[in-house]
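Visitor: I would like to go through this structure with you, step by step, and hear the reasoning behind each reply.

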Amino acid sequence: MKLSYFELLSSEPVRIPEIGGIVCPTLRQIAALGHFTYQYYLAVLSMDTKGCLDMLGKGKLWESLAEEEKCRINVFDLFLMEENAIALLQNVLNFFIRERVEYSAQHKGFLVTDDAPVGLITGAVYPQVCELICQRCGVSGRKEEDLSKAKDKKALEIIRKLQKGRAERAKHATPDANMELGNIISAVANRSYALNMQNIWDLTVFQLWDSFYRLYHNTVFDIQSMSVAAWGSKDHNFDAAAWYKMREQV
């Protein structure tokens, strides 16, 4: 499910039938929770099966499993194996869902209530919930192919190679300090004409990233337009409408 640009920008929860209202936290809410905890919550939502087993202290178990057994395992079921993992996932979901989320052993999932039942998060809808939360926060979600959909051993082998290559790239990727959330807050607050260190905390995290990218592209546009005004456009490729064109979403 791909959310619209309007829905992503909105401060209101996105209402998903039988799930609840997916919210995008404000910078003030993230600060109250703690930036490290917020990053950890996003990491939990992006975990693959191996990462979840590592978190549970059972990483070696994954390597010992046969391919057929790996196909039957999913992240949601792994979280339900231990009480601490259930409590963690419950906290994560409560932060990103407007209604109250509480684990139900009877339903083997998380009940979403608001005086009355609103929805139920089970293993079937959990990947969609994770993807919607990540969209709202402007980050890439979990990229894990469904092994059960592999039609034969050759297809399964290809999926495994893709996952291994992705894991290796992630392991050696160097975080860009310039794109750290605190630095982006400072950059936008000191560059924007309307935002400052007092009022920027009321933005949702998606609104912050959107403001940052708009400021960046508008700065480039201003430089290009001044250059064209002074020297002309030799190739006639200057796009005067570039300042308001849609940017690529996550």
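Visitor: Is Lys2 buried or exposed?

Guide: This is a predicted model, so the reply rests on computed values. The relative accessible area of Lys2 is 58%, and the cut-off to pass is 50%. Lys2, which sits in the segment before helix H1 (5–9), is therefore to be called exposed.

Visitor: How many Å lie between Lys2 and Gln135 in space, C-alpha to C-alpha?

Guide: In sequence, Lys2 and Gln135 are 133 residues apart. In space, taken from C-alpha to C-alpha, the separation of Lys2 and Gln135 is 8.1 Å.

Visitor: Which word describes how H3 lies relative to H9?

Guide: Two packed helices are described by the angle between their axes together with the distance between those axes. For helix H3 (residues 35–45) and helix H9 (residues 126–137), the axes come within 9 Å and cross at roughly 140°. Angles over 145 degrees would count as roughly antiparallel, and the crossing at roughly 140° therefore makes H3, relative to H9, oblique.

Visitor: How many residues of the contact of H3 with H9 are nonpolar, polar and charged?

Guide: H3 passes H9 in a left-handed crossing, and the contact is made by Tyr38, Leu42, Val44 and Leu45 of H3 with Tyr126, Cys130, Ile133 and Cys137 of H9. With Tyr and Cys counted as nonpolar alongside Leu, Val and Ile, the contact divides into eight nonpolar, no polar and no charged.

Visitor: What percentage of the residues in the protein is buried?

Guide: The protein contains twelve helices and five strands. Of its 250 residues, the buried ones make up 37%.

Note on methods
Residues numbered from 1 in each chain as written. Predicted model: local features only at pLDDT ≥ 70, side-chain atom pairs only at ≥ 80, totals over all residues. Heavy atoms only, no water. Helix = DSSP H or I, 4+ residues; strand = E, 2+ residues; numbered from the N terminus. Buried < 20%, exposed > 50% of the residue type's maximum accessible area, 1.4 Å probe, protein only. Axes fitted to C-alpha atoms, helices over the stretch in contact; angles between N-to-C directions. Parallel < 35°, antiparallel > 145°, perpendicular 65-115°, else oblique. Left-handed = near helix turned anticlockwise from the far one by under 90°. Contact = heavy atoms within 4.5 Å.
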